[in-house]
Amino acid sequence: MMKAVLRSFQVALRVLTLLPAPPVSAFSAEEKGRGLVWFPVIGALMGGLLALTAWRLESIEPMLASVILLTAWLFISELHHLDALARSINVWFFGGDSAVAEDEAEAAQLPIPHFGVMGVMALVMMVKFSALSVLIEYKLWLYIMMAPLAARLLVVALIGFTPSAPGQTLAQDFRSEFPYVSLFIWLLLALPMALVAGIPLLGVFVLLLLIRLRLKQTSGGLTWESIGASIVLLEAVGLFVAALTA
């Protein structure tokens with residue numbers, strides 16, 4: 001039993017972060033589903049580490065501290081998800097399957113509208129950078145800690161309550177052995193956090209609903225790439241709204 005619990009934690013750690021972890025050569029769909037229990041825990045660990053880093057950087061100029069903190073954030077998890085975000089943005093904003101769009105555009109000899117990985121990275125990093133600068137200046141460490149936690153908790157809810165898109169085997173794997181009871185418990189435990197976060201968490205929740213709607217419209221449901229993309233977007237919007245209301 002303990003071995004299975006530890007393995008599910010390792011699976012979640014490998015899926016979500018670039019943190020040092022024992023290698024997991026292969027894992028089953030059931031192990032992916034059970035690993036969702038750990039998403040909020042890993043988000044809390046990441047948030048605590050980032051908030052501690054921000055607190056240690058409070059003595060230097062906020063913009064420079066924001067660059068250092070954002071670089072740390074990037075190498076903890078974002079490199080896992082930015083490719084997925086770029087591809088998802090193309091589908092959500094321009095509609096349809098990107099591969100089909102490329103074939104049609106080539107046939108019509110028209111340029112393909114897309115942001116590309118670097119464009120998406122620049123946009124998201126700009127939002128996070130500006131928000132972190134404000135939060136560091138006002139010493140709002142709590143919002144920095146809560147952003148990774150809230151994003152991963154809400155993504156678990158997205159996975160649990162969004163049907164997988166046709167042909168999306170990897171996304172469907174997460175729905176095998178989905179821990180609905182654990183999700184309900186996590187959401188109950190998150191109520192105090194929601195009361196503290198207030199408007200920023202409301203903004204993140206509204207974004208989650210918009211993402212779910214767009215997934216249904218463009219892909220027919222949840223895709224593998226939308227999981228990582230949603231995490232990045234939810235973090236960025238949560239930080240940005242927190243900075244606006246600081």
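Helix axes are lines fitted to C-alpha atoms, over the stretch in contact, and the angle between them runs from 0 to 180 degrees between N-to-C directions. Keep that in mind for the second stop. The model on your screen is predicted.

**Stop 1: the whole chain**

Show the protein chain as a cartoon. Which kinds of secondary structure are there? The chain has twelve helices and zero strands. Follow the sequence from start to end and the pattern reads α-α-α-α-α-α-α-α-α-α-α-α. The chain has 246 residues, and 46% of them count as buried.

**Stop 2: helix 3 and helix 7**

Select residues 39-56, which are helix 3. Add residues 141-160, which are helix 7. These two helices pack against each other with their axes 7 Å apart. The angle between helix 3 and helix 7 is about 160 degrees. How does that angle class the pair? Angles over 145 degrees count as roughly antiparallel, so helix 3 is roughly antiparallel to helix 7. The crossing of helix 3 and helix 7 is right-handed.

Now pick Leu-142, a residue of helix 7. Its relative accessible area is 40%, so Leu-142 is partly exposed. Select Gly-47 as well. Leu-142 and Gly-47 are 95 residues apart along the chain. In space, 8.8 Å separates their C-alpha atoms.

**Stop 3: a salt bridge between helix 4 and helix 12**

How many salt bridges does the model have? The count comes to three. Begin with Glu-225 and Arg-87. Show their side chains. The closest N and O atoms of this salt bridge are 2.3 Å apart. Glu-225 sits in helix 12 (residues 224-244) and Arg-87 in helix 4 (residues 62-94), so the bridge ties together parts that are 138 residues apart in sequence.

Are these two residues buried, or partly exposed? Glu-225 has 26% relative accessibility, so Glu-225 counts as partly exposed. Arg-87 has 38%, so Arg-87 is partly exposed too.

**Stop 4: a network of salt bridges**

Select Lys-128, Arg-152 and Glu-235. Salt bridges link these three residues in a network.

Take Glu-235 with Lys-128. Their closest N and O atoms are 2.7 Å apart. Glu-235 belongs to helix 12 and Lys-128 to helix 6 (residues 116-137), and their positions lie 107 residues apart in the chain count.

Next, take Glu-235 with Arg-152. Their side chains meet in a salt bridge of 2.6 Å, N to O. Arg-152 is in helix 7 and Glu-235 in helix 12, so this pair ties together parts 83 residues apart in sequence.

Why do these residues count as buried? Buried means under 20% relative accessible area. Glu-235 has 0%, so Glu-235 is buried. Lys-128 is also at 0%, and therefore buried. Arg-152 is buried because its relative accessible area is 0%.

**Stop 5: a nonpolar patch on the surface**

Switch to a surface view. Select Val-181, Phe-184, Ile-185, Leu-188, Leu-189 and Leu-191. These residues form a nonpolar patch on the surface. Together they have about 620 Å² of accessible area.

Which helix gives the largest share of the patch? Helix 9 (residues 180-189) does, with five residues.

Finish on Leu-188, which lies in helix 9. Leu-188 has 43% relative accessibility, so Leu-188 counts as partly exposed.

Conventions
Residues are numbered from 1 along each chain as its sequence is written. This is a predicted model: local features need pLDDT of at least 70, side-chain atom pairs count only at pLDDT 80 or more; totals for chains, interfaces and linings use all residues. Side-chain values use heavy atoms; hydrogens and water are left out. Patches are made of residues with over 30% relative accessible area and no salt bridge: like charges are joined within 9 Å, nonpolar side chains (Val, Leu, Ile, Met, Phe, Trp, Tyr) within 5 Å. Accessible areas come from the Shrake-Rupley method with a 1.4 Å probe; for residues, only the protein chains shown count as cover. A salt bridge is a side-chain nitrogen of Lys or Arg within 4 Å of a carboxyl oxygen of Asp or Glu. Helices (H or I, at least four residues) and strands (E, at least two) are DSSP runs, numbered from the N terminus. Buried means under 20% relative accessible area, exposed over 50%, partly exposed in between (1.4 Å probe, protein chains only). Angles under 35 degrees count as roughly parallel, over 145 as roughly antiparallel, 65 to 115 as roughly perpendicular and the rest as oblique. A crossing is left-handed if the near helix is turned anticlockwise from the far one by less than a right angle, and right-handed if clockwise.
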